[in-house]
Amino acid sequence: MLPVIKRSPIVLCFLLFWAVDWMPVHAADSLLLFSPDKKIRVSISLTNGIHYGIDFMGERLLQPSAIDLFVEDRRPLTADLRSKTIKNRFADRTIISPVPEKRIAVRDHYNELIITFRQPYTLYFRAYNDGVAYRLQTRFNDSIIITDEVAEFNLNKGAQVLLPLLQPREGVDRFHTSFEELYTSVRVDSLKQDTLAYTPVLAGNDDAPKVAITESDLYDYPGMFLTGNGGAGLKGVFAPYPLAETMTGGEFPQLIVSKRAKYIARSEGSRLLPWRVLMIAAEDKELPGNDLVYRLATPPTTTDHSWISPGIGTDEWIIGINLFNVSFKSGVNTATYKYYIDFARSFGLERIMMDAGWSNYQDLFDINPNLNMDTISAYAKENGIRLSMWTLCSTLDRQLDSALVQFSKWGVDFIMTDFMDRDDQKMVKFYHRVAAACASRKIMVMFHGAFPPKGFNRTYPNAVTREAVLGSEYNIWSNKVTPGHDLTLPFTRMLSGPLDYEPGILDNATKEQFRAIGKKVMTQGTRCHQLAMFVVYDSPVQFFSGNPSQAMLEPQFMELLGTIPTTWDETKILEGKVGKHIITARKKGEEWFLGGMTDWEPRNFSIPLSFLSEGPYEVIMCIDGVNADQYPADYAFRNIVVKSSDTVPVRMSAGGGFVMRFKPQKQ
């Protein structure tokens with residue numbers, strides 16, 4: 001359902017000036033739509049098909065790009081473009097986020113053009129100050145079969161595109177992916193039609209304006225992949241509907257598609273399709289704070305979200321539960337999880353994750369005999385620590401209702417489900433079914449082996465975070481996770497919603513020192529680089545993936561980490577360059593946190609503190625140590641007092657970072 005806009009006196013005043021924000025050109029076959037600040041202009045042509053182009057600050061950003069929809073046994077959208085009505089709408093309102101990964105108050109400010117055709121189709125265009133979005137609506141009385149959708153994004157000649165190209169997987173078709181790829185920069189005219197990438201992707205050269213392409217409000221429809229469009233740009237590709245599935249063998253069995261249909265979706269005849277989203281930024285640093293995908297998503301149907309409990313937890317899978325300085329044999333057993341509970345309580349963490357191994361992967365009621373769940377559950381409750389549980393998605397799907405009842409009895413308020421590795425229409429429905437079922441039991445959920453959120457976290461606030469990222473776990477078996485990769489994510493993947501990177505690895509190495517060693521996992525870059533991820537990356541539930549035994553030896557470091565919030569009143573990006581560096585300021589209550597990261601280039605910054613109130617503020621700084629360039633686990637603490645008129649100098653070593661906590665000084 002489209003939101004209803006209340007025409008308050010203030011809104012009516014703006015409506016008087018609506019005529020300057022859109023206008024017909026040469027009758028109704030050519031239309032213009034402007035953003036509220038007039039910097040973005042969308043040109044829509046209804047001659048010889050539907051095409052749209054975008055200009056930003058007077059320069060062409062997107063060349064004419066086609067839109068169409070094909071429905072089986074019905075005429076396609078562009079077969080008859082005699083428009084029935086053309087309407088316009090203005091909105092300027094505030095969305096209050098119940099689980100604010102960037103900010104509590106989200107301004108939703110746009111101009112909208114609604115074109116209703118004589119055929120049963122409607123096209124919506126919205127122009128915001130930070131992007132453009134469009135979506136289609138079908139208005140058939142009976143159910144329909146959608147055979148294809150045309151979604152083109154034609155860029156300027158020679159444009160560079162940063163995108164996660166899918167790598168072929170043995171034994172499955174090209175639409176099976178865990179959505180965990182490195183971002184690669186290529187010229188758009190070099191992309192072939194047999195290449196495939198998922199969104200978001202980022203286009204733009206060097207210091208030129210950037211446009212990020214993704215989607216929002218994905219429901220009962222396949223997700224959008226992108227491929228080359230004959231050298232002109234990118235175009236959408238959609239996984240065909242799965243007609244038959246086969247369960248694989250191995251340690252983590254999953255359903256793979258063995259036969260696909262010649263259509264992409266079976267659907268109700270009257271429905272809205274996902275938004276096609278183009279986020280626009282004059283400077284790189286404008287991207288990480290952009291919440292356009294969230295604004296476009298369907299609001300939650302539930303009203304009580306008070307039970308949702310964000311925060312930092314532990315996860316043992318990356319380090320292989322390789323504890324030391326303990327009096328028990330570590331592993332998937334009761335003593336180990338009691339240790340994790342004690343550790344979490346010691347440093348102000350909210351929860352622990354019981355990852356793969358606590359039960360038979362294919363039967364959530366076949367508990368590991370080394371675990372006493374009643375004892376663990378009681379101990380966690382006694383110590384004020386919440387439990388989280390891993391599940392295999394095919395098993396959860398089969399045992400969903402009964403498993404959620406059991407989880408509730410144990411006091412579990414958060415589950416992870418894993419290994420979907422698809423986003424065709426059938427799998428997208430699984431996400432919605434699981435999130436709704438979890439919400440009914442007041443349980444949060446995180447999807448791994450999953451497509452990016454694409455606004456899902458607004459519709460289901462209990463779906464607090466999601467993987468869909470090449471993160472910490474890849475340090476176990478590869479050298480892919482570099483500081484440069486870490487600095488690409490805030491400008492690409494994070495634009496689609498919160499990400500579960502699982503930062504905090506405490507064994508840190510230079511590029512030359514790094515080795516991929518299971519159960520002795522290290523990272524490229526400094527300790528402060530890892531710490532800064534807790535501030536820089538959006539994720540209402542963060543998981544500390546370091547070794548608790550090492551962390552116990554560094555209480556000052558862990559005490560600071562434990563104070564970092566995971567939801568925020570406000571977010572400001574002070575500095576940022578794709579793949580190079582970022583400095584993020586976040587507010588929670590009266591406190592501010594500042595997090596910075598750099599790639600392999602050491603960097604010096606003088607940071608103005610004008611974002612602060614008058615102050616003064618006591619600042620706890622955790623910065624790269626003097627020897628961090630050769631021993632990246634080296635860090636140092638400093639305590640200073642500042643006010644908003646001050647500037648703080650900071651140096652980040654190669655692969656480095658920093659975190660600062662600003663507390664109002666007691667008078």
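1. Strand 8 (residues 121-128) is worth a look to start with: eight of its eight residues are buried, so the strand is largely enclosed by the rest of the structure. Keep in mind that this is a predicted model.

2. The burial holds on both faces of strand 8. In a regular strand, side chains alternate between the two faces of the sheet. Here Tyr 121, Leu 123, Phe 125 and Ala 127 sit on one side, with Thr 122, Tyr 124, Arg 126 and Tyr 128 on the other, and all are buried.

3. Now the neighbours. Strand 7 (residues 105-117) pairs antiparallel with strand 8 over seven bridges, and the two make a hairpin with three residues between them. On the other pairing, strand 8 and strand 9 (residues 131-139) run antiparallel and are joined by eight bridges; this hairpin has two residues between its strands.

4. Tyr 128 is a handy landmark: Tyr 110 stands opposite it, while its bridge partner in strand 9 is Gly 131.

5. On to the voids. There are four cavities of 30 Å³ or more, and the largest has a volume of about 90 Å³. Its lining counts 15 residues, with Glu 101, Val 293, Tyr 294, Leu 495 and Gly 497 nearest the centre. Helix 2 (residues 292-296) gives the largest share of that lining, three residues. By class, the lining splits into six nonpolar, five polar and four charged.

6. The second largest cavity comes in at about 60 Å³. Its lining is Ser 97, Pro 100, Glu 101, Lys 102, Arg 103, Val 106, Asp 291 and Tyr 294, which divides into three nonpolar, one polar and four charged residues.

Conventions
Residues numbered from 1 in each chain as written. Predicted model: local features only at pLDDT ≥ 70, side-chain atom pairs only at ≥ 80, totals over all residues. Heavy atoms only, no water. 1 Å grid on protein atoms, 1.4 Å probe; cavity = no way out; pocket = protein on both sides within 12 Å on 5 of 7 lines; lining within 4 Å. Points joined across faces, edges and corners; volume = space filled by probe spheres on them. Helix = DSSP H or I, 4+ residues; strand = E, 2+ residues; numbered from the N terminus. Nonpolar A, V, L, I, M, F, W, Y, C, P; charged D, E, K, R; others polar. Buried < 20%, exposed > 50% of the residue type's maximum accessible area, 1.4 Å probe, protein only. Pairing = 2+ DSSP bridges.
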